[in-house]
Amino acid sequence: MLRVIPPVPNRDDQFFWDGVEEGRLLIRQCSNCARLQHPPSPMCPQCGSLAWTPLEVAGTGTVSSWIVSRHPSQPDGDARIVAVIALAEGARLVTNLQGIDPAQVVNGMAVEVTFGEVGGVKLPQFKPMAK
């Protein structure tokens, strides 16, 4: 079984993990220029503002890039698909793909968020969008 170290939220990402617990995908949006930022950072990289607002996003997007990953200390364990998801709103999120054979994954594939436990930690993950 994969052991997952639980996140230790801080003031910059507490809103994200609170959203995950509620089954909502929240991304940080600059209150000044409206740029979306993930992972969260203290300062907007576009305008330098320190003012942010959590924005609930639809949780849909496309696969931008992906790899098949195996844990180095458990090479015979289950592989996982780690992907960069381009959200419909424009931000990108690194996450896992579920419910698909790696041979079927293609860049541009439509996906949607799902929330599930991995090693006892609730995480946002993505799966192929229902057709």
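Helix α1 spans residues 14–21, and in this predicted model five of its residues are buried: Phe15, Phe16, Trp17, Gly19 and Val20. What covers them? The cover includes four strands: β1 (26–30), β3 (52–56), β7 (110–118) and β8 (121–128). The helix is followed by glycine 23. The phi of glycine 23 is positive, near 75 degrees. Before the helix comes a segment that holds asparagine 10. Asparagine 10 has 40% relative accessibility, so it counts as partly exposed. Its C-alpha atom stands 17 Å from that of leucine 123, a residue 113 positions away along the chain.

Now the fold as a whole. The protein chain has one helix and eight strands. Read from the N terminus, the order is α-β-β-β-β-β-β-β-β. The helix comes before the strands in that order.

How far does the chain spread? Its C-alpha atoms fill a box of roughly 45 × 30 × 25 Å along the principal axes. The radius of gyration is 15 Å. A compact globule with 131 residues would have a value near 14 Å, so the chain agrees with that expectation. Of the 131 residues, 35% are buried. Contacts also link distant parts of the sequence. Among contacts with a separation of 6 or more, 46% join residues 24 or more positions apart.

The surface comes next. The protein chain exposes about 7700 Å². Carbon and sulfur atoms supply 51% of that area. On the charged side, there are 11 positive and 12 negative side chains. The centres of these two sets lie 5 Å apart.

Follow the chain past β1. The loop between β1 and β2 holds alanine 34. Its phi is positive, near 75 degrees, in a residue other than glycine. Alanine 34 has a relative accessible area of 43%, so it is partly exposed. Further on, proline 39 sits in the loop between β2 (36–37) and β3. The peptide bond that leads into proline 39 from histidine 38 is cis. Its omega is near 0 degrees.

The cysteines deserve a look. How many disulfides does the structure hold? It holds zero. A disulfide is a covalent bond between the sulfur atoms of two cysteines. Why is cysteine 44 not bonded to cysteine 33? The cysteine 33 sulfur is the closest cysteine sulfur to that of cysteine 44, but the distance is 3.7 Å, which is too far for a bond. The cut-off for a disulfide is 2.5 Å. Cysteine 47 is in no disulfide either. Its nearest cysteine sulfur belongs to cysteine 30, 3.6 Å away. Are cysteine 44 and cysteine 47 buried or exposed? Cysteine 44 has 1% relative accessibility, so it counts as buried. Cysteine 47 has a relative accessible area of 34%, so it is partly exposed.

Next, strand β4 and what follows. Strand β4 covers residues 60–69, and serine 69 lies in it. At 15% relative accessibility, serine 69 counts as buried, because the threshold is under 20%. Which residues does serine 69 touch, beyond those up to four places away in sequence? They are Ala79, Arg80 and Val82.

Alanine 79 shows the other side of that contact. It is found in the loop between β4 and β5. Setting aside residues up to four places away in sequence, alanine 79 touches Val68, Ser69 and Arg70. Its relative accessible area is 35%, so alanine 79 is partly exposed. Leucine 97 is 18 residues from alanine 79 in sequence, and their C-alpha atoms are 11 Å apart.

One loop further along, alanine 88 lies between β5 (80–87) and β6 (92–97). Is alanine 88 buried or exposed? With 60% relative accessibility, it counts as exposed. Alanine 88 still makes contacts. Leaving aside neighbours within four places in sequence, it is in contact with Thr60 and Gly61. Phenylalanine 115 is 27 residues from alanine 88 in sequence, with 18 Å between the C-alpha atoms.

That leads back to the helix. Strands β7 and β8 are among the elements that cover the buried residues of α1. Phe15, Phe16 and Trp17 are among those buried residues.

Key: Residues are numbered from 1 along each chain as its sequence is written. This is a predicted model: local features need pLDDT of at least 70, side-chain atom pairs count only at pLDDT 80 or more; totals for chains, interfaces and linings use all residues. Side-chain values use heavy atoms; hydrogens and water are left out. Buried means under 20% relative accessible area, exposed over 50%, partly exposed in between (1.4 Å probe, protein chains only). Helices (H or I, at least four residues) and strands (E, at least two) are DSSP runs, numbered from the N terminus. Contact means heavy atoms within 4.5 Å. The radius of gyration is taken over C-alpha atoms; the globule rule is 2.2 Å times the number of residues to the power 0.38. Accessible areas come from the Shrake-Rupley method with a 1.4 Å probe; for residues, only the protein chains shown count as cover. Lys and Arg count as positive and Asp and Glu as negative; His and the chain ends are not counted. The place of a charge is taken as NZ of Lys, CZ of Arg, CG of Asp or CD of Glu.
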